[in-house]
Amino acid sequence: MPPILQGLFTILVGVTGCVAYFWLSNLLLDRVICPPHGPHAGRNITRANLIRPWLFLFPALVVLGLYLAYPVVGSFVRSLHDRSGTEFIGLGNYADLIASGGFRVAVRNNILWLLVVPAAATAFGLLAAQLTDRLSWGNVAKSLIFMPMAISFVGASLIWRFVYDNSFDIGLINAVRGAFGAERAIDVIQIPFWNNFFIMFIMVWIQTGFAMVILSAALRGIPEETVEAAIMDGASPTQIFFRIKVPQIMGTIVVVWTTITFLVLKVFDIVYTMTGGNFGTHILPSYMMSFMFRDDGRATAVAFVIMILVLPVMIWNIRQARREMR
Amino acid sequence: MHSIAGRKSGLQWAVHLSVVALVLLWLIPTLGLLVSSVRDRDQIAETGWWLAPLPVEMTFRIRAAPDDARASGDGFVIAGNVLDDPAQARWFPDGAGTVTAFGTRGAAPTEHAPGDTAELRTGGTLSVARDGAFTITAPDALTRPVSIFFEARVPPRVTLDNYATVLTSDGMDRAFLNTLTVAVPATVIPILIAAFAAYALAWMDFRGRGVLIAAVVGLLVVPLQLALVPLLNLHNAVGIGQSFLGIWLAHTGFGMPLAIYLLRNYMVGLPRDIIESARVDGATDFQIFTRIILPLSFPALAAFAIFQFLWVWNDLLVAKVFLPSGSDAQVMTVKIADDLIGSRGGDWGILAAAAFVSIAVPLVVFFTLQRYLVRGLLAGSVK
Amino acid sequence: MAEVKLTGVAKAYGDTQVLSDIDLEIATGELVVFVGPSGCGKSTLLRMIAGLEQITAGRLEIDRQVVNDIPPAQRGIAMVFQSYALYPHMTVRDNMAFALKIAGRSRAQIDAAVERAAKTLQLDRLLDRLPKQLSGGQRQRVAIGRAIVRDPKVYLFDEPLSNLDAALRVATRIEIAQLKESMPDSTMIYVTHDQVEAMTLASRIVVLAGGGIAQVGAPLDLYQRPRTEFVAQFIGSPAMNLLPAEVVETGARTRVRLASGAEAVAAIPTRDGDRGMAVNLGVRPEDMDLAEGAGLVSGRVALTEALGELTVLHVAQSGGAEVLAKLPGVHSELRGQTVSLGAAPERLHLFHDGRSLLYR
């Protein structure tokens with residue numbers, strides 16, 4: 001069977017399967033197990049209401065448990081074993097990682113990414129949101145800045161190869177340098193250390209639209225009166241922006257910042273496509289992929305390091321969610 | 001605020017200009033890709049894409065065959081027009097064109113100005129006129145072809161050749177279908193499962209609901225990397241292995257927390273009165289879900305569908321791990337990153353066309369459904 | 001015949017007791033209004049009757065059947081929500097038909113019921129519109145129509161007019177009154193915080209306070225013979241004045257002496273042993289008039305509020321609380337002057353320990 005038919009078949013089976021499960025299980029509960037009539041109507045209804053949520057939740061819980069909760073444990077256990085997976089070596093993989101120079105470079109780069117990308121994307125997004133607000137063609141501008149969001153990291157990397165390439169006729173940067181009289185084209189992707197920032201900018205380019213859209217909505221949500229009051233008080237546009245508007249959307253800024261932070265910790269595609277991790281550009285996700293299929297023990301150890309990096313924000317997130325529910 | 005008195009128009013201009021600059025910075029790289037993808041590969045090598053609408057000065061080489069020589073005076077002469085040569089006829093449709101320089105050696109193809117007469121190394125002379133007419137004179141009979149190098153101004157050529165090449169000989173057509181095959185079920189199935197769970201978490205009262213919601217929020221940020229090795233081992237152990245079924249399941253799992261989170265956030269914001277009213281009207285939970293909640297949650301469902309579709313379509317990591325590595329099952333991102341960049345590294349037209357094939361569908365989805373995407377983003381992040 | 005009967009009904013959220021020991025009988029054809037200050041539990045009580053809240057203790061009967069554990073749809077009730085709760089994705093017709101469709105009625109029955117209700121409420125032309133295409137008043141009527149279609153034994157209204165502007169509120173109130181008149185056998189329970197609605201619509205009012213029923217009675221009964229100081233002050237606006245006093249003479253009529261030394265006679269009987277009892281003398285502002293002599297209260301007029309047809313005087317007693325009086329006509333000239341105010345003995349109320357001496 002060709003894959004495309006297999007795909008259609010899967011949709012059919014998956015959708016009817018899901019619908020049938022939900023419908024039949026509810027029917028079974030209402031008609032057979034706890035019918036809401038007869039001598040025990042009241043008790044049966046109460047009982048059905050205890051069971052029903054779990055019918056609704058069951059498939060999702062299975063999927064979540066198997067595909068997200070189990071791997072956290074599974075990865076940790078695997079990371080305590082050697083390459084073949086048979087011999088328990090304790091924290092050996094982690095010790096090897098710490099001793100290796102490549103890992104240290106990846107950690108350093110990752111910290112740079114975590115510092116630079118969310119900050120830059122949020123700042124650009126805030127700037128774009130503020131500038132396009134109330135502009136007659138603001139929506140068109142926003143749409144274009146938002147567009148990279150739809151482009152894959154691989155596609156985006158290719159797009160930026162056209163900017164970074166080391167010839168005067170392909171790379172925009174070199175073309176501009178040439179126009180100012182540079183003699184030799186340079187390969188910005190190979191400049192030690194600074195090449196990281198060129199690669200990071202691709203991520204900034206993708207994420208700015210996301211930040212802009214959300215911050216723009218937050219800016220619109222600011223009560224107009226507070227701005228008008230500030231105008232009456234004689235504040236300049238800059239003062240209004242930094243002292244009236246930004247403090248009021250601080251909560252949203254934090255949300256945007258953390259969301260991009262999480263994304264940065266997942267994305268290996270850009271580094272993989274731009275340099276494959278050469279020239280000192282590895283970050284942890286790409287470093288992990290360099291071990292994938294070769295040394296699962298080492299790969300899971302790197303993955304677990306990423307998990308540890310995420311952990312504090314994850315706990316903060318959960319706390320925040322629980323507070324909101326009260 | 002447009003009506004506030006005494007505003008400076010200069011400031012307004014500055015705003016306009018900064019936005020223009022910002023938009024250009026965001027648009028130009030993509031534009032470069034699009035333009036490059038429809039240029040001729042030889043022209044790409046000659047000038048930057050930003051010069052694409054301008055004629056390109058390109059260097060050509062033709063060979064004047066000795067058979068065409070005829071005796072003239074005390075030697076031999078070959079006459080003809082360099083622009084008529086079949087090797088580059090595509091550049092000069094009616095033999096029209098302008099020669100800007102010519103030469104006799106590959107090392108210096110533009111040594112002489114048109115109309116000049118150049119000495120041939122083998123003895124004899126070559127001259128090429130501005131309209132392409134050339135004359136070779138030789139003292140003795142010619143035995144080997146004479147190479148003529150010339151440079152001519154060529155009008156820009158817009159072509160879909162790159163796309164044709166990518167789609168036929170490079171196998172992007174197969175990769176496109178594979179991507180589609182992965183993306184559609186991996187978008188539809190999680191929505192269905194998540195919608196039911198989200199309803200339970202939003203509108204049903206039961207012990208442990210708070211803990212489950214917190215767990216979903218927590219799982220939202222579990223790094224994908226953590227799941228790769230254990231799940232691949234699991235898939236291998238149960239016989240799914242690296243396959244389409246495996247990647248559908250994986251994407252369903254990885255998309256689930258966001259789906260539940262987004263949909264629950266939206267559903268919990270629906271008016272309580274409406275749901276209670278339906279209950280008073282006699283609807284069961286299942287009926288409330290299918291007849292009230294689902295239709296009303298359409299914006300959130302659409303938003304998540306777009307998210308998940310874009311995410312799956314654009315994914316490289318999960319496809320690399322959960323699909324077999326042969327070209328039969330390669331999706332477009334893998335094809336480009338692992339295959340084309342290696343084998344076609346310097347062929348910018350091909351790379352651009354491939355990239356554009358892969359981003360075309362997301363761009364269409366993005367621009368037609370942007371409204372829902374924005375709404376979904378807001379529902380997920382701003383409270 | 002009791003259509004709705006509550007016996008010892010209580011509601012608690014965890015350790016917080018919201019309502020306790022509610023006993024109430026509502027007869028067929030009555031329009032009973034629940035009023036009370038915000039947070040008194042009136043909406044909770046309504047939602048318990050609807051089945052949207054579990055009953056913690058006690059017994060709820062509708063049509064002589066205990067319904068504590070019966071789901072809302074099977075209780076024979078219909079509810080009109082404060083926000084109308086129209087299904088935004090359904091037309092007016094589908095909104096009204098939804099309950100009948102769920103119940104599995106035939107197409108013809110549904111159409112007939114919807115047409116009939118639409119005619120009653122003048123919704124016939126709006127049947128194919130969506131809720132968002134309707135005005136506030138029209139939405140309100142659809143919400144009522146949705147209830148009528150089900151032909152319930154009991155209608156429940158949860159502050160149905162509070163989302164309308166003032167003019168529309170009056171008009172809709174009258175419509176509801178007419179609707180009730182056209183359906184004499186239907187029983188209605190109506191929750192509001194607006195005492196004008198309560199006074200004009202109700203056949204009986206239930207005043208809820210402090211998690212229990214303060215008084216049940218016909219509107220004028222509550223106004224003229226309030227059982228407690230709370231009810232006395234809650235019904236009527238501005239609120240009843242309460243003046244500390246002491247009983248000096250008992251009998252069929254009671255003479256009391258105020259703190260200021262002034263004396264008054266109230267047409268309320270007391271027993272011999274009541275002499276010397278500390279009471280609160282209650283006088284409604286609208287029952288006060290300007291007295292020639294000493295009167296009940298005298299003081300300087302600190303403020304006058306002229307409303308056109310009447311004037312509210314704020315009289316500052318020397319050494320006592322401010323007293324309000326509502327006089328017909330315009331009396332702005334009284335501001336700053338010293339006046340004395342009196343009231344007829346039949347209009348006076350006496351309270352001891354917050355409870356009226358009428359109900360001993």
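How many salt bridges are counted between chain A and chain B? Work through the exercises below on this predicted model.

**Exercise 1. Find the charged link between chain A and chain B, then list the polar contacts and the residues behind them.**

Step 1. Start with the count. Between chain A and chain B there is 1 salt bridge.

Step 2. Name the partners. The side chain of A:R52 pairs with that of B:D285, with N and O 3.4 Å apart.

Step 3. Test the distance. A salt bridge needs a Lys or Arg side-chain nitrogen within 4 Å of an Asp or Glu carboxyl oxygen, so the 3.4 Å pair of A:R52 and B:D285 qualifies.

Step 4. Add the polar contacts. The rule finds 11 residue pairs across the interface of chain A and chain B, both residues at pLDDT 80 or more.

Step 5. Look for the main contributor on chain A. Helix α2 (residues 41–79) gives the most to the side that touches chain B, with 21 residues.

Step 6. Sort the chain A side by residue class. It divides into 79 nonpolar, 18 polar and 12 charged residues.

**Exercise 2. State how much area chain A and chain B bury, and which three residues of chain A supply the most.**

Step 1. Count the residues in contact. Chain A brings 109 residues and chain B brings 116.

Step 2. Read the area. About 9,900 Å² is buried between chain A and chain B, and carbon and sulfur atoms give 82% of it.

Step 3. Pick out the top three. A:F56, A:Y67 and A:F162 supply 8% of the area that chain A buries against chain B, more than any other three residues.

**Exercise 3. Describe the contact of chain B with chain C.**

Step 1. Count again. Here 16 residues come from chain B and 22 residues from chain C.

Step 2. Read the area. The two chains bury about 1,600 Å², with 65% of it on carbon and sulfur atoms.

Step 3. Look for salt bridges. The rule finds 2 across the interface of chain B and chain C. One of them joins C:R150 to B:D281, where the closest N and O atoms are 3.7 Å apart.

Step 4. Count polar contacts. There are 8 residue pairs, both residues at pLDDT 80 or more.

Step 5. Locate the elements. On chain B, α8 (272–280) and α9 (285–296) each give two or more residues to the side that touches chain C. The largest share, 8 residues, comes from α8(B).

Step 6. Sort the chain B side by class. It holds 7 nonpolar, 3 polar and 6 charged residues.

**Exercise 4. Compare the record with the model for chain A and chain B.**

Step 1. Read the record for chain A. An unreviewed UniProt entry marks "transmembrane region" at several spans, including 144–163 and 197–219.

Step 2. Check these spans in the model. Residues 144–163 of chain A are 70% helix and 0% strand, with end C-alpha atoms 18 Å apart. Residues 197–219 of chain A are 100% helix, and their end C-alpha atoms lie 29 Å apart.

Step 3. Take the listed domain. UniProt (unreviewed entry) gives "domain: ABC transmembrane type-1" for residues 107–317 of chain A. In the model that stretch is 74% helix and 0% strand.

Step 4. Turn to chain B. Its unreviewed entry lists "transmembrane region" spans, among them 292–313 and 348–369. Residues 292–313 of chain B are 95% helix. Residues 348–369 of chain B are 100% helix.

**Exercise 5. Give the confidence scores.**

Step 1. Take the whole model. It scores ipTM 0.89 and pTM 0.83.

Step 2. Take chain C. Its mean pLDDT is 90, and 99% of its residues reach 70 or more.

How values were computed
Residues numbered from 1 in each chain as written. Chains lettered and ligands numbered in written order. Heavy atoms only, no water. pLDDT = per-residue confidence, 0-100. Contact = heavy atoms within 4.5 Å. Buried area = accessible area lost by both parts, 1.4 Å probe. Polar contact = N/O pair within 3.5 Å; in protein donor to acceptor, adjacent residues only side chain to side chain. Helix = DSSP H or I, 4+ residues; strand = E, 2+ residues; numbered from the N terminus. Nonpolar A, V, L, I, M, F, W, Y, C, P; charged D, E, K, R; others polar. UniProt positions renumbered as here; feature names shortened; annotations may be inferred.
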